[in-house]
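The exercises below are meant for a reader who is meeting this structure for the first time. Please look over the sequence and the model, and try each task before reading its solution.

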Amino acid sequence: MEEKLLKKIETIKQSVEQMKIDDIQENPESAFEQFQCDCCGDTKAFAGSIIYKDFRLCNDCVLLAETGFALGKMNEIEDLIEKMEDKRFEVVYKSIFEPDKNNLN
Ligand SMILES: [Zn+2]
């Protein structure tokens, strides 16, 4: 991959991580409050989450979204939501059929 591109991704990564840090600083509770991400379907901390249109994305998905936008891989947040459809299904499936596994973490 191009070095310029890698640098770009690194910058995005840092700014997305910073969002989470800022959120926790502003509201320490947000590190413990959880929600279900509209993109990956996982239960994640509120800290670092962002609302895109009608979707609230966790910090991990924000990184995916911002990287995808920056690299021109997608134009709309719906593109990512669509791509993650299988992942969401997997998460829901696991939460129903493998509840014990999820508690091991
Ligand atoms: Zn997510």
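**Exercise 1.** Of the 13 residues of α4, how many are buried, and does the helix lie largely in the open or not?

*Solution.* Begin with the basis of the exercise: this is a predicted model, in which local features need pLDDT of at least 70 and side-chain atom pairs count only at pLDDT 80 or more, while totals for chains, interfaces and linings use all residues. Residues are numbered from 1 along each chain as its sequence is written. Next comes the test for burial: a residue is buried if 20 or more other C-beta atoms lie within 10 Å of its own, exposed if 12 or fewer, and partly exposed in between, with C-beta atoms placed from the backbone. Applied to α4, the test gives 0 buried residues out of 13, so the helix lies largely in the open. Helix α4 covers residues 85-97 and reaches 18 Å from its first C-alpha to its last, close to the 18 Å expected at 1.5 Å a residue, where the expected span is 1.5 Å times one less than the number of residues.

**Exercise 2.** Describe the protein chain as a whole, starting from its helices and strands.

*Solution.* Helices (H or I, at least four residues) and strands (E, at least two) are DSSP runs, numbered from the N terminus. On this basis the protein chain has 5 helices and 4 strands, and along the sequence they follow the pattern α-β-β-β-β-α-α-α-α. The C-alpha atoms fill a box of roughly 45 × 35 × 25 Å, taken along the principal axes. Of the 105 residues, 22% count as buried. Two residues are in contact if their C-beta atoms, placed from the backbone, lie within 7 Å; among the contacts with a separation of 6 or more, 38% join residues 24 or more positions apart.

**Exercise 3.** Work out how α1 and α2 meet, and at what angle they pack.

*Solution.* First take α1, residues 3-26: its 24 residues should span 34 Å at 1.5 Å a residue, and its end C-alpha atoms are 34 Å apart, which agrees. In α1, the residues Val16, Lys20 and Asp23 are buried, and the buried residues of this helix pack against α2. The two helices pack at an angle of about 145° with their axes 10 Å apart, where axes are lines fitted to C-alpha atoms, for helices over the stretch in contact, and angles run from 0 to 180 degrees between N-to-C directions. On the α1 side the meeting residues are Lys8, Ile9, Ile12, Lys13, Val16 and Lys20, and on the α2 side they are Asn59, Val62, Leu63, Glu66, Thr67 and Ala70. These residues divide into 6 nonpolar, 2 polar and 4 charged, where Ala, Val, Leu, Ile, Met, Phe, Trp, Tyr, Cys and Pro count as nonpolar, Asp, Glu, Lys and Arg as charged, and the others, Gly among them, as polar. As for Ile9 in α1, this residue is partly exposed, with 16 other C-beta atoms within 10 Å.

**Exercise 4.** Which residues have the most contacts inside the largest nonpolar core?

*Solution.* A nonpolar core is a set of buried Ala, Val, Leu, Ile, Met, Phe, Trp, Tyr and Cys residues joined through C-beta atoms within 7 Å. The largest such core has 14 residues, and those with the most contacts inside it are Cys39, Leu57 and Cys61. The elements that give two or more residues to this core are α2 and α3, and its largest share, 4 residues, comes from α2. Cys61 is one of the buried residues of α2, and, leaving aside its neighbours within four places in sequence, Cys61 is in contact with Cys37, Cys39 and Cys40. Ile81, placed in helix α3, is buried, with 20 other C-beta atoms within 10 Å; with the neighbours within four places again left aside, Ile81 is in contact with Asp38, Cys39 and Phe55.

**Exercise 5.** What is the phi of Lys53, and is this residue buried or exposed?

*Solution.* Most residues other than glycine have a negative phi. Lys53, although not a glycine, has a positive phi of about 50°. Lys53 is found in the loop between β3 and β4, and with 10 other C-beta atoms within 10 Å it is exposed.
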